[in-house]
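Student: I'd like a close look at a single part of this protein, starting from one pair of strands and working outward to whatever lies around it. Please take me through it in one connected account.

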Amino acid sequence: MIGRPLDLDAVDAFVRIAEFGSFTRAAEAMLTTQAAVSLKLKRLEDRLGFRLFERTPRYVELSVQGAAFLEHARELLKVHDRALSSVAGTRQRLTIGISDHVAGPELPALIARMNAQDPKLLIEIRIGSSCDLLQSFDRREFDTVIVRLHDGRSDGEVLAEEKFGWFAAPSWQHRSDEPLPVATLAEPCGVRVMAGKMLDAAGVPWTEIFVGGGVAAVTAAVMAGLGVAALAPRMLPFGAIDVGPRLGLPDLPRLPVLLHTRIKDGPARETIAALSAAFRAAVRG
């Protein structure tokens, strides 16, 4: 006997918990409370007749049955979204700018999740420097931007703070009689300015050995052994090492990830909330 249909909101809550590995992040993405998300999950587990997660005070992990149900749950939500999309009217346009120093390897999955969030939303994403994105936001060219630094501003919501380090390839060795070779993004990158000021203040001679158009290019230069770069660990492939302590380089601060948005309500706000929760989860691990 098939019984009553599944609650799609509960299925959505289950998928978000699985993707974020956190009830808190799932609640943020759904613009609700952790207690409400827990209740949705309990109702779904009661309906299915088995536990979807193994929970301890320190982690959330899919159960065997939960792992088996996850892909079916995702497919159910996709079918639901396609059904809505087939009858959707005029699509609302949502423009989002994301700093290159924030957009990490998880970005394609985040974009896919946002596209599935609301079939009536037409989402456009641009990657750039924090400074340029903030200026464009102030000119109302973006609805929302997610940037790396405050850039002298007091507005914006801090989503998370992320530790930076001086990263190099495992085989790279610095020649002590030469300036420190640094790979950076082009101006007006705020991280580039911050790193240069800290090296100057510490009395470390340095030179730009590579100026790339994006973090991916800088990362490739680092892993090719050209020099070091000030980057967040999640931006680098496995094997890159922080050489700062060995070389006596100045400690880099934890840098904020900030959300600036003029979207206050409606379906677009739910999409922004989901994106914000995803970045919190990615940065904090």
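**From a strand pair to a pocket and a cavity**

Tutor: Let's start with one pair of residues: Thr-144 has Thr-261, in E12, as its bridge partner. Keep in mind throughout that this is a predicted model. The pair belongs to a set of four bridges that join strand E5 (residues 144-147) to strand E12 (residues 254-261), and the two strands run antiparallel.

Now step back to the sheet around them. E5 and E12 sit within an open sheet of five strands, whose order is E4-E3-E5-E12-E6 and whose pairing is mixed. At its edges are strand E4 (121-128) and strand E6 (157-163), each of which pairs on one side only. On average, neighbouring strands here are turned by 15° against each other, direction ignored. Helix H6 packs on this sheet and touches strand E3 (92-99), E4, E5 and E12. The direction of H6 makes about 160° with that of E5.

H6 is also our way into the next feature, the second largest pocket, which holds about 190 Å³ of space. Its lining has 19 residues, and the closest to its centre are Gly-128, Ser-129, Leu-185, Ala-186 and Cys-189. Helix H6 (130-138) and H7 are the elements that give two or more residues to this lining. By class, the pocket is lined by nine polar, six nonpolar and four charged residues.

To place the pocket, look at the domains. The assignment for the chain gives domain 1 (8-88), domain 2 (92-159 + 256-284) and domain 3 (165-252). Domain 2 and domain 3 both give residues to the pocket lining, so the second largest pocket lies between them. As for the remaining domain, the C-alpha centres of domain 1 and domain 3 lie 40 Å apart.

Follow Leu-185 from the pocket and you come to an enclosed space. The count gives one cavity of 30 Å³ or more, and the largest cavity has a volume of about 60 Å³. It is lined by 13 residues, of which Ala-183, Thr-184, Leu-185, Val-191 and Ala-230 are the closest to its centre. Leu-185 is thus among the residues closest to the centre of the second largest pocket and also among those closest to the centre of the largest cavity. Strand E8 (180-185), helix H7 (190-201) and strand E10 (229-231) each supply at least two residues of the cavity lining. E8 makes the largest share, with four residues. Ten of the lining residues are nonpolar, two are polar and one is charged.

Ala-230 then leads to another sheet, since Ala-230 in E10 is the bridge partner of Trp-166. Three bridges join strand E7 (residues 165-168) to E10, and these strands run antiparallel. Together with E11 they form an open sheet of three strands in the order E10-E7-E11, with antiparallel pairing. E10 and strand E11 (241-242) stand at the edges with a single partner strand each, so one side of each has no neighbour in the sheet. Helix H8 (residues 215-223) lies across E7 and E10, running at about 130° to E10.

So the route to trace on your screen starts at Thr-144 and Thr-261, passes H6 where it packs on the sheet, enters the pocket between domain 2 and domain 3, and ends at the cavity beside Ala-230.

Terms used:
Residues numbered from 1 in each chain as written. Predicted model: local features only at pLDDT ≥ 70, side-chain atom pairs only at ≥ 80, totals over all residues. Heavy atoms only, no water. Domains from an automatic or database assignment. 1 Å grid on protein atoms, 1.4 Å probe; cavity = no way out; pocket = protein on both sides within 12 Å on 5 of 7 lines; lining within 4 Å. Points joined across faces, edges and corners; volume = space filled by probe spheres on them. Nonpolar A, V, L, I, M, F, W, Y, C, P; charged D, E, K, R; others polar. Pairing = 2+ DSSP bridges. Contact = heavy atoms within 4.5 Å. Axes fitted to C-alpha atoms, helices over the stretch in contact; angles between N-to-C directions.
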